[in-house]
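Hi,

Here is the structure I promised to pass on. Have a look at it first, and then read my notes below.

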Amino acid sequence: MDPLNTQHGVPESEAAAEARRLIDDWASKPVRHHPTSFRDDTEPAAFGTTPPVKQEDHRIVPAWAAGIAVASIGVGAGVTGIGCGAWLVLQGLASVTLNGVLMVTLPFAGLAMAATAIGGAINKARSAVTRNVFEGPVTNHTEIHNNSTTRGAFFARTRNEIR
């Protein structure tokens, strides 16, 4: 056996004959074709309506994904609304003038003044009128007894008792 002319222990002439037999066997079988597209060669109508062709749709969206999509749209719309409201408030605050502030606070100041006046009138009406009339002599007798004691020399402490 010549190692240069053999392939895995088979002579080169036998390997070539086996390869030819396998190729001829494969080539003799019909090839199956699987179409990957379809072309409709019928001519469409020259005028008028063409009937619709049903196209199946088999997409499936999980419920959690649809819920997240709807929630994100709602959150986005809510945040946009809050942002627009803040913008309007800040635009209004940016155009504040002294006359505008006085005009806005004038009704509140008037209301507070009226409430104060009404409260004062009710307080005056509720206060009791008392007249203490004393007939006779009035004497005032006050006695003061002062006992003062001092203790100590350098840091003296004085104690006063008044009775």
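**Notes on the model**

Let me start with one residue: Glu18 is partly exposed, with a relative accessible area of 37%. Keep in mind that this is a predicted model. Glu18 shares a salt bridge with Arg21, and the N to O distance between their side chains is 2.6 Å. Arg21 is partly exposed too, at 45% relative accessible area. Both residues belong to helix α1 (residues 12-28), and because they are 3 residues apart there, about one helical turn separates them.

The same helix holds another pair. Arg20 and Asp24 sit 4 residues apart in α1, again about one turn of the helix, and their side chains meet in a salt bridge at 3.7 Å, N to O. Asp24 comes out as partly exposed, with a relative accessible area of 40%.

How many salt bridges does a search of the whole structure find? The count is 3. Besides the two pairs in α1, there is one between Glu56 and Lys54, where the closest N and O atoms are 3.4 Å apart. Glu56 and Lys54 are both exposed.

Now for the chain as a whole. What pattern does the protein chain follow along the sequence? Reading along, you get β-β-α-α-α-β-β, which adds up to 3 helices and 4 strands.

The overall dimensions are worth a look as well. For 163 residues, a compact globule would have a radius of gyration near 15 Å, whereas this protein chain has 56 Å. Taken along the principal axes, the C-alpha atoms fill a box of roughly 160 × 80 × 35 Å. Buried residues make up 0% of the 163 in the chain. The accessible surface is about 16,500 Å², and carbon and sulfur atoms account for 63% of that.

On charges, the protein chain carries 14 positive and 14 negative side chains. The centres of those two sets lie 34 Å apart.

Two loop residues caught my eye. Pro44 is in the loop between α1 and α2 (63-94). Is Pro44 buried or exposed? With 61% relative accessibility, Pro44 counts as exposed, because the cut-off for that is over 50%. Pro44 and Ala17 are 27 residues apart in sequence, and their C-alpha atoms are 56 Å apart in space.

The other one is Asn140, which you will find in the loop between α3 (98-126) and β3 (146-151). Asn140 is exposed, with a relative accessible area of 74%. Along the chain, Asn140 and Gly85 are 55 residues apart, and 74 Å separates their C-alpha atoms.

Finally, a word on confidence. The mean pLDDT of the protein chain is 81, and 92% of its residues reach 70 or more. Where is the confidence lowest, and where is it highest? Strand β1 (residues 6-7) has the lowest, with a mean of 52, while α1 has the highest, at 91. Where pLDDT is low, the predicted coordinates should not be read in detail.

If you want somewhere to begin, try helix α1, where the confidence is highest, and find the Arg21 and Glu18 salt bridge and then the one between Arg20 and Asp24.

Cheers

Definitions and conventions:
Residues numbered from 1 in each chain as written. Heavy atoms only, no water. Buried < 20%, exposed > 50% of the residue type's maximum accessible area, 1.4 Å probe, protein only. Rg over C-alpha atoms; globule rule 2.2 N^0.38 Å. Areas by Shrake-Rupley, 256 points an atom, 1.4 Å probe, with all protein chains shown as cover. Lys, Arg positive; Asp, Glu negative; His and termini not counted. Charge placed at Lys NZ, Arg CZ, Asp CG, Glu CD. Salt bridge = Lys/Arg side-chain N within 4 Å of Asp/Glu carboxyl O. pLDDT = per-residue confidence, 0-100.
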